[in-house]
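Me: I have a structure to read and would like the terms explained as we go. Please set each value against its definition.

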Amino acid sequence: MGRIVVLDDQMVNMIAAGEVIERPASVLKELLENSIDAGGRCIRVDVEDGGCRLIAVADDGCGMDVEDIRTAFFPHATSKVRCTQDLHGVTTMGFRGEALASVAAVAQVTVTSRPADAVEGHRLRIDCGRFEEVRPCATAPGTTIEVRNLFAKLPARRKFLRTTNTEMGHISEQFTRVALAHPELDLTLTHNGRTLHRLTAGGGLVERIGELLGRAVADDLIEVRRQEKGMTLRALLGKPATARGTGQFQYVFLNRRYIRDRFISHAIREAYRGLIEPSKYPVVFLFLEMPPEAFDVNVHPAKVEVRFANANLVHSQVLAALRDKLLSMNLDAPGMLPKAPVPPPMSGPPPGDDEARRQRIAQAMADFFQKRPSGGGQRPLEFRGGPSGSRLSGPAPQEPAPSSFPTPARPEGTALPEPHGPSTADQAPAGVPAEPSRLLQIHDSYILVQTPEGFDIVDQHALHERILYERLCRKLADGPLMSQRLLMPEILDVSDAQAEAIHAHAALFEKLGIEIAPFGPGTVAVQSFPALLADIDVAGFVRDLLDRLTAREAGLDAERLLHEVLDMAACKAAIKAGQPLSEAEMAQLLADKAVVERASRCPHGRPTTLRFTLAELEKQFKRTGF
Ligand SMILES: Nc1ncnc2c1ncn2[C@@H]1O[C@H](COP(=O)(O)OP(=O)(O)OP(=O)(O)O)[C@@H](O)[C@H]1O
Ligand SMILES: [Mg+2]
């Protein structure tokens, strides 16, 4: 007897549901999209226990009659497409006719619906694929679908559901996406009876952004509009200074559908290149409208990805629109870039590019040899001519005396180490200079160090970041960081998801020595902060931390999360590129390098030091064989 059997419909539907319904938020997405397709103007969402117990969506859309109310839950039943031709021009959010069947296969569903012109409505209950009788009932025009106990009969799937907070975070995110795409709708979201959002139509997009994501995100956005080559683009762009630690505040919509697309993400990154640190993500709300034939939305189970007929064109149009706007603005220079002349943001290579690095090194060498005392005991190298040769005649700038080492304001732990006496210098490994006069800071960002073999170029920020990171790790191994009460609490606007994250990650906050208390609706007060990080921007740090904790791709284990946070703290507390250092500070930084593990890389894996040998130099200057 054969081993292969055709699965029954119930099984088929359950398997299909696995594709579409991953968690409560996926149910919400499908129900909201159906309500929008049905022409609903006022939609209410009630959720209990992060959607695990109940997700109910009520709309005032076209409703379903007694016949459709049943058919709607059959697999492959849809009113939105009829033939393959229709699939090439989809204008509705749904078109596969599988969402309701999938939901009904894995939960207890009650649907109540009434078309506007009908005198009464009808109700149908389906218990994990088992249909009951359709019964008449009194109800307002529109449709309400209640989904209870998702995956109740599928313990294997239920096990994968996370905490109520996490699931609610995903639900809020889905709600936010739909609400941003549809400012013309009245939308309400409640959780366990508490109203989280009551959004009224007509306020416009910026107002909606403010209501959903907080005033701080909505304020000061730059608007771009462009219509070209069959694409209409509208974007609201955050200023570079508001860039975040995660891509959480990047929303891209195509014909009102939230999408993720690597071409568009790349175009956004490119548009901001040189304006923000490479590790940061700009705040961007991008709305594209294109004819439905210009892309295929039938390529992803949840329709979150699309395939563009001409992805390169989309990329270049988005890039051009955003970049032109950003270039035309008088944006404040970001604090992290070196003060030294920077190539115009869009035309030159980005900082860190090979070419830029090569130029900086060439400049560094020129400056170094220009300054170098002639009688150094080693074979003097002459710098002959070259593009900057004329600057040889200029007076060498005076370095501040070592005694001018500034100590104020740096808290214990983030401070550069105390100057080392001669004995410490003796113990210093190769690369640590014996004489401070062999140190030179260039572009207020890099330290040039003469070594017995040649010279090193040290990235001051990357190195200090590494040192602080190691120090924070060591301190944390002994227990929670020492906390210090703030004289003035920092008040922050937080979204629901962020408020939940504070609650959910209480242990992490305690470890870090950060104390946060509720402070009225939508706001919290940071009351204590780790003493070690006392001079960093408290609000900015906590905001970035919350972004990270509520990031869509969150789900890091506690250990990795902690290290990410330490990494972020070190980055913020470290001396910056563009910050002038005294010789004593430079010497201490380099001496400290010697005692730090893995000091040759910053916590992000970038090198802290580039090493050059005299032999290489001589080869470059064609002095070999002299
Ligand atoms: N809120 C609603 N109001 C009116 N009709 C609805 C509503 N929800 C669903 N329907 C009807 O039920 C049908 C089936 O819905 P379902 O979500 O399963 O499929 P779909 O939206 O057509 O396609 P997809 O599976 O891609 O979402 C829809 O085509 C629509 O006619
Ligand atoms: Mg649908």
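Me: What makes the pair formed by R96 and ligand 1 a polar contact?
Reply: A backbone N or O atom of R96 lies 2.8 Å from an oxygen atom of ligand 1. A polar contact is a pair of N or O atoms within 3.5 Å; within protein, one must be able to donate a hydrogen and the other to accept it, and residues adjacent in sequence count only if both atoms are side-chain atoms. The pair of R96 and ligand 1 therefore counts. A polar backbone atom of A99 is 2.9 Å from an oxygen atom of ligand 1, and for K80 a side-chain N or O atom is 2.6 Å from a ligand oxygen.

Me: How much of ligand 1 does the protein bury?
Reply: Ligand 1 taken alone exposes 590 Å², and the protein buries 94% of that. Accessible areas come from the Shrake-Rupley method with a 1.4 Å probe; for residues, only the protein chains shown count as cover.

Me: What kind of model is this, and how is it numbered?
Reply: This is a predicted model: local features need pLDDT of at least 70, side-chain atom pairs count only at pLDDT 80 or more, and totals for chains, interfaces and linings use all residues. Residues are numbered from 1 along each chain as its sequence is written, chains are lettered from A and ligands numbered from 1 in the order in which they are written, and side-chain values use heavy atoms, with hydrogens and water left out.

Me: Which residues are closest to ligand 1?
Reply: N34, T78, S79, K80 and K303 are the closest of the 22 residues that surround ligand 1. A residue counts as near if one of its heavy atoms lies within 4 Å of the molecule or strand.

Me: Which element gives the most residues to that shell?
Reply: α2 does, with three residues. Helices (H or I, at least four residues) and strands (E, at least two) are DSSP runs, numbered from the N terminus. The chain has 20 helices and 23 strands.

Me: Why are F73, F175, I209 and F285 called core residues?
Reply: A nonpolar core is a set of buried Ala, Val, Leu, Ile, Met, Phe, Trp, Tyr and Cys residues joined through side-chain atoms within 4.5 Å. Buried means under 20% relative accessible area, exposed over 50%, partly exposed in between (1.4 Å probe, protein chains only). These four belong to the largest such core, of 64 residues, and touch the most other members. Helix α7 (residues 164-181) gives this core the most, seven residues.
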